[in-house]
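User: I have a structure open and would like to learn how to read its features one by one. Could you walk me through it?

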Amino acid sequence: MVARGLLTFKTTPSIVATGVTVGPLEKKSLFVDKFDKVYEDERCEMKTNEHGHAKMMEDACMIALSKVDSVPSDADFLLIGDLINQMTPSNFAATTVGIPYMGLFSACATSVSSLLMAALLTETGMSTCAIAGASSQHNAVERQFRYPNEYGSQKPETSQWTVTAAGVAAVAPYKKGFPSIECGTIGCAIDLGMTDPLNMGAAMAPAAADTLTRHLKGHNKDVKDYDVIMTGDLGKTGFELYKKLASNQGIDVTKNFRDAGKEFYGADASFLSGASGAGCSASVFFAEIIDKMRTGEYKRVLLIATGALLSPLSFQQGDTIPCIAHAIELTMK
């Protein structure tokens with residue numbers, strides 16, 4: 001019997017290339033030197049935020065393919081998603097790159113859910129090159145889920161800044177010298193009754209702690225097995241709550257735990273609790289983490305991307321916020 005939600009990849013598919021593109025404000029990120037392209041315009045010189053969003057994803061895909069001397073016709077699958085209604089930016093990007101496309105939505109956890117899907121297709125022998133990733137664009141996301149920037153609404157300390165970024169990974173059969181996907185855990189949707197869209201970190205923390213616990217127990221691992229365990233975008237508020245919840249389960253959180261959202265903009269208080277958005281974990285995982293694996297600094301990492309599964313409609317109707325977290329384990333062999 002296969003354990004619920006646990007995935008083991010016997011062929012250990014590899015991440016052979018990545019592509020990361022970010023907006024102009026992301027020059028303030030601690031990771032800016034590892035991003036492939038930084039735009040000078042939030043809309044990437046396009047007419048709308050959504051078309052700029054799509055352009056950013058298109059460029060990320062092309063950058064990743066170029067690193068393995070490939071073109072879109074060499075790729076078997078495009079597995080990407082974003083936060084906008086019906087994932088229209090991803091849909092438009094897919095029409096441009098022309099790779100067989102499946103849009104995926106796990107909110108800000110899409111960076112890992114898409115990677116797991118790419119690994120599954122590769123494991124079965126159905127794919128020799130799959131592009132997986134996620135993106136977000138600040139103006140488009142804020143307008144949809146909260147308020148347009150022009151309103152100048154004030155936000156609490158628990159709120160996070162949606163990053164303008166796209167990150168993708170090219171997944172192929174095992175190749176020596178590249179990070180390989182060894183196993184993963186598909187998260188369970190968890191809803192503890194949170195309703196505040198300006199406190200996403202606290203809403204997502206229980207899902208992150210649940211997935212971490214299930215991954216460690218299910219795959220018979222210990223936190224000491226990893227150079228780093230990085231969550232996607234809990235931010236300062238959610239990250240502390242997540243560590244407390246994990247600690248209550250007997251997990252030592254004192255050494256190798258990091259959060260992309262907390263670190264993205266450093267200690268800049270103007271970003272309040274830190275960064276968020278589907279592009280947050282995608283850009284940090286596929287730039288910072290992959291780079292440190294390629295240079296030998298990290299040998300084994302656990303990446304846990306978190307997502308708040310709300311919609312503008314559910315929020316307007318006063319509904320609670322279900323959340324999800326997916327995990328993937330990468331190794332250098």
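**Reading the model, feature by feature**

Analyst: Happily! Let's begin with a loop glycine: leaving aside residues up to four places away in sequence, Gly 266 touches Leu 30 and Lys 236. Please keep in mind that this is a predicted model.

User: How far apart are Gly 266 and Leu 30 in sequence, and how far in space?

Analyst: They are separated by 236 residues in sequence, yet their C-alpha atoms are 6.0 Å apart. Gly 266 sits in the loop between helix H7 (260–263) and strand E12 (275–276).

User: Is Gly 266 buried or exposed?

Analyst: The cut-off helps here: buried means under 20% relative accessible area. Gly 266 has 19%, so it counts as buried. Compare His 138, in helix H4 (residues 138–145), which is buried with a relative accessible area of 3%.

User: What does the side chain of His 138 reach?

Analyst: It reaches the backbone oxygen of Thr 162, at 2.8 Å.

User: Now to charged pairs. How many salt bridges does a search of the whole structure find?

Analyst: The count is 17. One of them joins the side chains of Glu 182 and Arg 300, at 2.7 Å from N to O. Glu 182 belongs to strand E9 (residues 180–185) and Arg 300 to strand E13 (residues 300–308), so this pair ties together parts 118 residues apart in sequence. Arg 300 is partly exposed, with a relative accessible area of 21%.

User: And how should I read a salt bridge within one helix?

Analyst: The general idea comes from helix geometry: an α-helix has 3.6 residues a turn, so residues three or four places apart point the same way. In this structure, Arg 214 and Asp 210 both lie in helix H5 (residues 200–218), four residues apart, about one turn of the helix. They form a salt bridge whose closest N and O atoms are 4.0 Å apart. Asp 210 is partly exposed, at 25% relative accessible area.

User: Which parts of the structure does the pair of Glu 329 and Lys 221 tie together?

Analyst: First the contact itself: their side chains meet in a salt bridge at 2.4 Å, N to O. Glu 329 lies in strand E14 (residues 323–331), while Lys 221 is in the loop between H5 and strand E10 (228–231), so the pair links parts that are 108 residues apart in sequence. Glu 329 counts as buried, at 0% relative accessibility.

User: Which residues are linked in a network of salt bridges?

Analyst: Lys 34, Arg 258, Glu 263, Glu 288, Asp 291, Lys 292 and Glu 297 are linked in this way.

User: Let's turn to helices. How do I read the length and course of H8?

Analyst: Compare its reach with the span expected at 1.5 Å a residue. H8 (residues 278–294) has 17 residues and reaches 24 Å from its first C-alpha to its last, close to the expected 24 Å. Then look for a bend: H8 has one of about 30 degrees, at Phe 285. For its surroundings, 15 of the 17 residues of H8 are buried, so the helix is largely enclosed by the rest of the structure.

User: What follows H8, and what follows H1?

Analyst: After H8 comes Gly 296, with a positive phi near 90 degrees. H1 is followed by Asp 69, whose phi is also positive, near 50 degrees. As for its length, H1 (residues 49–67) has 19 residues and reaches 27 Å between its first and last C-alpha, close to the 27 Å expected.

Technical notes:
Residues are numbered from 1 along each chain as its sequence is written. This is a predicted model: local features need pLDDT of at least 70, side-chain atom pairs count only at pLDDT 80 or more; totals for chains, interfaces and linings use all residues. Side-chain values use heavy atoms; hydrogens and water are left out. Helices (H or I, at least four residues) and strands (E, at least two) are DSSP runs, numbered from the N terminus. Buried means under 20% relative accessible area, exposed over 50%, partly exposed in between (1.4 Å probe, protein chains only). A polar contact is a pair of N or O atoms within 3.5 Å; within protein, one must be able to donate a hydrogen and the other to accept it, and residues adjacent in sequence count only if both atoms are side-chain atoms. The expected span of a helix is 1.5 Å times one less than its number of residues. The bend at a residue is the angle between axes fitted to the seven residues ending there and the seven starting there. Contact means heavy atoms within 4.5 Å.
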